[in-house]
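Thanks for asking me to look this one over. Here is my note, set out as numbered points so you can follow along with the structure open.

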Amino acid sequence: MRERGRGAGASVDERYAQWKSLVPVLYDWLANHNLVWPSLSCRWGPQLEQATYKNRQRLYLSEQTDGSVPNTLVIANCEIVKPRVAAAEHISQFNEEARSPFVKKFKTIIHPGEVNRIRELPQISKIVATHTDSPDVLIWDVEAQPNRHAVLGVADSRPDLILTGHQDNAEFALAMCPTEPYVLSGGKDKLVVLWSIEDHISPSTTETKSPGSGSSSVKQISKVGGVESPSVGPRGVYQGHEDTVEDVQFCPSSAQEFCSVGDDSCLILWDARAGSTPAVKVEKAHNADLHCVDWNPHDVNLILTGSADNSVRMFDRRNLTSGGVGSPIHKFEGHKAAVLCVQWSPDKSSVFGSAAEDGFLNIWDHEKVSKKKDRVGTRMPNAPPGLFFQHAGHRDKVVDFHWNAYDPWTIVSVSDDCGSTGGGGTLQIWRMSDLIYRPEEEVLAELEKFKSHVLTCSSKS
């Protein structure tokens, strides 16, 4: 991607200029925030305040530095302008090199090593887990952590808890359970590991431990980056992958069920109650490495996977394979490079997003695939079935994005711009115009009303 970024510089700039000219038409609101250092992850935290025209919310980011200053976990306060408030001419007037007035750094945590992945605990979103280039998962209470000044030579911040159990580096695969305070991780050791954060408060007994348990969760002290912190061992260790585990996800309705994907091209479903071996193993879910997975919060039968083969696939867990290999319900083929992140919308059960190394964040609706005729105006010429919006505001690979559960059509996305602009990253917070996704009859009725209003105004003038 880095080479492609340099070679196709002119076309990337042209594409970007075209996108920026369309911002007032396509978006209800957009904030562009230049990052001095790239962030490999971005996540929404708790909502802090609701006001008349905007809401304030925590946002979790990181700074992946070159070593001249420490790597950091950043807690920011973000002002989110409410729908139908921002003036169209204002949202496209931003300077790519500037920081956004809507994003303010609130706290800096000196992170032991670079932050590869950030995930918040849904029930208590001030509790955050991070992955770095080590076997451990680090747990942070971001509200209790002291604010630090990131200068060379400063000591690392002390994690509130360290989760041990991997035998090799666990860099990316990380998930928090929506129903229990459980953490799931995957690594280069080909293992999937499950912990309960509550085991730190009261070490689990044999009755509460899952059948697939590896080691007992006895309180102990571990060291990371020269700093000592309390640590706990896993509730369960699960073996079934034959290469690095790249992503993991809990079933939205059960803390005992989860899935994982890896560089072995497999999608595996696990049930902690049934032991430490796969419940279902889907060979050749894609014909390449799998990078990401997400489980539909509205329909627990639907699972998305994204791969180095540039595609997103949707599986039904009731019918995962055919002839011994993965049998997806549908293949979504709209990216031109490896898919790095997939996530279902928290609001609409058939909608999801996919981000890739091609710099695009695509928004899909799988219900539109079966409909022979998409709504007039929402389908681009030759657009892949199901694709109804393409966010083209990034000029390099989109490494992470997150739908906002408090403001369902608002998305935060981040790109690592080292390949195109020579460094740093771009954070964007955006909401597409509701005319794009609302029911057709509603939209036409509103446009008709607007048309009659314009005609009345013009006749008066």
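The points below cover the annotated repeats, two groups of strands, some loop residues, and the pocket and cavity.

1. Before anything else, please keep in mind that this is a predicted model. Whatever I describe below was computed from that model, apart from the annotation in the next point, which comes from a UniProt record.

2. The unreviewed UniProt entry places the feature "repeat: WD" at three stretches: residues 238-280, 283-316 and 332-365. In the model, residues 283-316 are 50% strand and 0% helix, and the C-alpha atoms at the two ends of that span lie 15 Å apart. Residues 332-365 are 53% strand, again with 0% helix, and here the end C-alpha atoms are 10 Å apart.

3. One sheet worth finding on your screen is an open one of four strands, in the order 26-27-28-29, with antiparallel pairing. Its edges are strand 26 (339-344) and strand 29 (387-391), each of which pairs on one side only. On average, neighbouring strands of this sheet are turned by 20° against each other, direction ignored.

4. Within that sheet, how many bridges link strand 26 and strand 27? There are five, and the two strands pair in the antiparallel sense, with strand 27 covering residues 351-356. To check the register by eye, look for V342, which stands opposite S354 in strand 27.

5. Next, have a look at strand 12 (residues 191-196). Six of its six residues are buried, so this strand is largely enclosed by the rest of the structure. As a reminder, side chains in a regular strand alternate between the two faces of the sheet. In strand 12, L191, V193 and W195 point one way, while V192, L194 and S196 point the other way, and all are buried.

6. Which strands does strand 12 pair with? One partner is strand 11 (residues 182-186), joined to strand 12 in the antiparallel sense over five bridges. Y182 of this pair stands opposite S196 in strand 12. Strand 11 and strand 12 form a hairpin with four residues between the strands, and K190 takes a positive phi near 70° there. Another partner is strand 15 (residues 236-239), which runs antiparallel to strand 12 and is joined to it by four bridges. In that pairing, L191 stands opposite Q239.

7. Two more residues with positive phi values sit in loops. K284 has a phi near 50°, a positive value in a residue other than glycine, and lies in the loop between strand 19 (280-282) and strand 20. N310, also not a glycine, has a positive phi of about 75° and is found in the loop between strand 21 (302-307) and strand 22 (312-316). Are these side chains buried or exposed? K284 is exposed, with a relative accessible area of 51%, whereas N310 counts as partly exposed at 24% relative accessibility.

8. S68 makes a nice example of a contact between distant parts of the sequence. S68 and L152 are 84 residues apart in sequence, but 6.3 Å apart in space, C-alpha to C-alpha. S68 belongs to the loop between strand 3 (54-63) and strand 4 (72-81) and is partly exposed, with a relative accessible area of 39%.

9. Now to the largest pocket, which has a volume of about 1300 Å³. Its lining comprises 48 residues, and R43, R119, C341, D400 and F401 lie nearest its centre. By class, the lining has 26 nonpolar, ten polar and twelve charged residues. Several strands each supply at least two lining residues, including strand 2 (43-50), strand 6 (117-120), strand 16 (245-251) and strand 30 (398-403). Strand 26, the edge strand from point 3, is also one of these contributors.

10. Finally, there is one cavity of 30 Å³ or more, with a volume of about 30 Å³. The residues that line it are Y16, N32, E96, G393, H394, R395, T426 and Q428. By class, that lining has one nonpolar, five polar and two charged residues.

Key
Residues numbered from 1 in each chain as written. Predicted model: local features only at pLDDT ≥ 70, side-chain atom pairs only at ≥ 80, totals over all residues. Heavy atoms only, no water. UniProt positions renumbered as here; feature names shortened; annotations may be inferred. Pairing = 2+ DSSP bridges. Axes fitted to C-alpha atoms, helices over the stretch in contact; angles between N-to-C directions. 1 Å grid on protein atoms, 1.4 Å probe; cavity = no way out; pocket = protein on both sides within 12 Å on 5 of 7 lines; lining within 4 Å. Points joined across faces, edges and corners; volume = space filled by probe spheres on them. Nonpolar A, V, L, I, M, F, W, Y, C, P; charged D, E, K, R; others polar. Buried < 20%, exposed > 50% of the residue type's maximum accessible area, 1.4 Å probe, protein only.
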